[in-house]
Amino acid sequence: MSDDGLKGKKMSMMALILMIFTSVFGFANIPRGFYLMGYAAVPWYIISAILFFIPYAFMQAEYGAAFKNEKGGIYSWMDKSVGPKYAFIGTFMWYASYIVWMVNICSAIWIPFANAISGTDTTVNWSIFGLNSTRTLGVLGILLIIAITFIATKGLEQITKVTSIGGTAVALLNIVLLIGAVVVLILNGGKLAEPIVSYESFLYSPNPAYKTTIAMLSFSVFAIFAYGGIEAVGGLVDQTENPEVVFPKGLSIAAIIISIGYSLGVLLIGIFTNWGQTLSTKNVHLGNVAYVVMKNLGYAIGTSVGLSEAVSLNIGLWVARFVGISMFLALIGAFFTLSYSPLKQLIEGTPKELWPGKLSVITDGMPKNAMWVQCVIVAVFIAIVSFGGEGAAEFFEKLVLMTNVAMTLPYMFLSGAFARFKRIENIDRPFVAYKSHASSLVATVVVTLTVLFANIFTIVEPATRGDMSSTIFMIAGPLFFTIVALVMYQRYERKYLK
C-alpha cells in the first residue's frame, strides 16, 4: 500500500491487541487443558508463560520496535541479526506450516458453525449435491479459502475489521465464562463442582491417561504450543500507529492478558464442571470438549437458580450456540490475519529474485499474486484430502505430523538470533525490555531451550508408545522444509549473487 493509502488507516493499539489476541489466544485451550489435566493445567500454563511466552513476546517487541521500518517481519529481523540464509530457512519452515494449518481449518471451522446453528455438531449429516459429509466440508472449505483470499486482497482495512470482530467475540466468550462461573459459585454457596482437596489438585490430573510423568511432560508441550502465533503479527509493525510506542506496548499488554486468561479460565471451569461426572465419558474428546464444558455452564446456571431440568438443558444449548458463533468468528479472524501476514513477511522480506514470475509483486501493500497462488495450493490440498479417500486422509495426517515440529522451530530461530540482535550497534532501540547483555543472553537461552525441550519430547513421545512412523515423520518434516529452502536459496545465489 502506498504511503498515501496508509494514512488514516493504520492500526490503533486496540486493533493491534485484538489482532494479537485473535491470532494467539485459543479459547478451546482452556477446556482442553482442564480435560487433560484438571487444575494441574494451571502451573503448566504459568510455567510456559514465564519460560516461553512472556520473554518471547518481549523479544518480538524489541525486534519490532527496532526494525519498525522493515516490511519483512520476522525474516527481516533474522536477516539483520544473523544473515539471509538463516532467516530464509526459518521463515520458509514457519510459512509452510501455516499452509497445512489453513487446510485443516478450512474443514474444521464448520464444527463451531454447526454448533452456532443447533447447539451441537451436526456436520456428519451435512450434504450438498448428494455428496457425503467429508466431501461437502471439502467443497465448503474451498469456497471459504477463495472468499477469504478475495476479501483479504482488498487491503489491511478489510482484515482489521474482521479480526476485530473475531477478537471481540473471543473476549465476550471469556466474559461469559467469568460471569457465569462466578454466578454459579455464589448460588452454590462457594462450593466447587471439582473440589480442590489440597495442593495436590494442582499437581496431579484426574484424567487416567495423564497420571504418568511422561504424560504430564507431554502436556507441557501442549501448554507451550498454546502460546504460539505472536510472531505472525510481526510484519504489521510498519502498519501500526506510532509503532515504536504502540507496537511493543500492545504486544506486552496482549501477552499478559493471554497468560492470565489461560490459568484463570481453568480455575473457573472447575467451579461448575466435575471432571468425573462430565468429562470422563468416551463421547468427550479434544475436538468437542469446549462445547461440552460451556453447555454444562448453561445447565449449571439453570439448576443453580432452581429451574427445571428441561429449561436448564435448553439454556445449555443456547450457551453452546454462543460458543459456536464466537469460536467461528475467532477462527475467521485468525484466518484473515494468517492468510496474509506470514506470506507478507516471506515475500516482502526476501529478495524478489527468489520467487518465480510475478509472485514477489506487491500491489496496494498486498502480495496479491502470491496470495492467489497460496489459495490454489490450499484448495488443491483440501480437494485431495476430501475426495481422495482413506489414503488421502492418512497422507494429510502425516503432513500434519511433518509440520508439528516445523511450526515451532522458527521460535528457536528467532530466540536464537536475539543475542546477536542485541549486539548490533548503530541501531535505534525505542523499546528495550532487556537492559543488559546478561539478561538478553539468559532470555535467549531459556526460551530456546524451552522450545527445544518441547520439540524433542514431541518427537520422542510417539516412539515410547511404539509409534516409530510418527516420530520419523516429525523428524522428516523440518528436514524436508530445510532442504527445499536451501535449494531455493542456492538457486538464487548461483543465478544472482555470483
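Me: What makes a residue nonpolar, charged or polar here?
Reply: Ala, Val, Leu, Ile, Met, Phe, Trp, Tyr, Cys and Pro count as nonpolar. Asp, Glu, Lys and Arg count as charged, and the others, Gly among them, as polar. This is a predicted model: local features need pLDDT of at least 70, side-chain atom pairs need 80 or more, and totals for chains, interfaces and linings use all residues. Residues are numbered from 1 along each chain, and side-chain values use heavy atoms, without hydrogens and water.

Me: How many residues of each class line the second largest pocket?
Reply: The lining has 19 nonpolar residues, one polar and no charged. Phe92, Tyr95, Ala96, Ile99 and Ile377 lie nearest the pocket's centre.

Me: Which helices supply at least two residues each of that lining?
Reply: Helix H6 (84-108), helix H14 (309-349), helix H15 (368-387) and helix H19 (468-497). A helix is a DSSP run of H or I with at least four residues; a strand is a run of E with at least two; both are numbered from the N terminus.

Me: How many helices and strands does the chain have?
Reply: The chain has 19 helices and zero strands.

Me: Why is the chain called as compact as a globular protein of its length?
Reply: The globule rule is 2.2 Å times the number of residues to the power 0.38, and the radius of gyration is taken over C-alpha atoms. For 498 residues the rule gives 23 Å; the chain's radius of gyration is 23 Å, so the chain is as compact as a globular protein of that length.

Me: What share of the chain counts as buried?
Reply: Buried means under 20% relative accessible area, with a 1.4 Å probe and protein chains only. Of the 498 residues, 54% count as buried.

Notes: On a 1 Å grid over the protein atoms alone, a cavity is a set of points where a 1.4 Å probe fits but cannot get out, and a pocket is an open set with protein on both sides within 12 Å along at least five of seven lines; lining residues have an atom within 4 Å of a point. Buried means under 20% relative accessible area, exposed over 50%, partly exposed in between (1.4 Å probe, protein chains only).
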